[in-house]
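Student: I would like to learn how to read a pair of packed helices and a metal site from coordinates alone. Could we work through one case slowly?

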Amino acid sequence: MSAQGAFVADIKEIRRRARQHLGQGAVTQNYGGKVEEAIAALNHAVATEIVCVLRYQFHAVCATGLASEAVKEEFLQHAKEEAEHLALLSERINQLGGKPDLNPAGVANRSATEYVEGENLVDMIKENLVAERIAIETYRDMVRYFGDKDPTTRVMLERILAQEEEHANDMHDLLVSHEGRPMLER
Ligand SMILES: [Fe+2]
Ligand SMILES: [Fe+2]
């Protein structure tokens, strides 16, 4: 059979399968990964984003000092973007047939990042940089995990990862300007 003929045969089979398991919505038979595992991984990221929203929000409100106004704005902007990540992850979990775990109980345990208030402005910036670096590492691992098994989830995670890298860069720039020296210890 020619390659085109094989594809036509596939289309018939795909049409037949599409009529089965309609309750599974967007999850079709050729979903490459284990859906439950994917949902669990995404729910860890959900918890991480909740903690990041709360930490940035606290910092945006509680940062003090003459130099704090511009930094507060940056913290607030990041809080909003972390909330967008939370929404994207929750929507994707729903598309995969799961429930986003938004129950506050246990969020801190499931989150990769920590909720640290910080003693002063530089402390706050440092804590956010640490959290962004944790987020970057976990999202990069998740991108590899999803690979070509679930391209839609992978592409979403790549977008979030790119924004976490921008966040880390923003925090690094703030740290340099507020600490007065570049971070050379790596
Ligand atoms: Fe985020
Ligand atoms: Fe971030």
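Tutor: Let us begin with side chains in contact, bearing in mind that this is a predicted model. From H2, the residues Glu 37, Ala 38, Ala 41, Leu 42, Ala 45, Glu 49, Arg 55, Tyr 56, Phe 58, His 59 and Cys 62 meet a set in H5 made up of Met 124, Glu 127, Asn 128, Ala 131, Glu 132, Tyr 139, Met 142, Tyr 145 and Phe 146. Sorted by class, this contact of H2 with H5 holds 13 nonpolar, 2 polar and 5 charged residues.

Student: At what angle do the axes of H2 and H5 cross?

Tutor: The axes of helix H2 (residues 35-62) and helix H5 (residues 121-146) cross at roughly 165 degrees and come within 11 Å. Angles over 145 degrees count as roughly antiparallel, so H2 is roughly antiparallel to H5. The crossing in which H2 passes H5 is left-handed.

Student: Which residues are the protein donors of the iron ion (ligand 2)?

Tutor: One reads a metal site by listing its donor atoms and then placing them in the sequence. For the iron ion (ligand 2), the donors are an OE atom of Glu 82, two OE entries from Glu 132, an OE atom of Glu 164 and ND1 of His 167, at 2.0 to 2.3 Å from the ion. Their spacing in sequence is E-x49-E-x31-E-x2-H.

Student: Which residue bridges the iron ion (ligand 2) and the iron ion (ligand 1)?

Tutor: Glu 82 bridges these two ions, which lie 3.9 Å apart. Glu 82 in helix H3 (residues 68-95) and His 167 in helix H6 (residues 151-179) are 85 residues apart, so the pair links distant parts of the chain.

Student: Are Glu 82 and His 167 buried or exposed?

Tutor: Both Glu 82 and His 167 are buried.

Notes:
Residues numbered from 1 in each chain as written. Chains lettered and ligands numbered in written order. Predicted model: local features only at pLDDT ≥ 70, side-chain atom pairs only at ≥ 80, totals over all residues. Heavy atoms only, no water. Axes fitted to C-alpha atoms, helices over the stretch in contact; angles between N-to-C directions. Helix = DSSP H or I, 4+ residues; strand = E, 2+ residues; numbered from the N terminus. Parallel < 35°, antiparallel > 145°, perpendicular 65-115°, else oblique. Left-handed = near helix turned anticlockwise from the far one by under 90°. Contact = heavy atoms within 4.5 Å. Nonpolar A, V, L, I, M, F, W, Y, C, P; charged D, E, K, R; others polar. Donors = N, O, S within 2.8 Å, 3.2 Å for Na, K, Ca; no water. Buried < 20%, exposed > 50% of the residue type's maximum accessible area, 1.4 Å probe, protein only.
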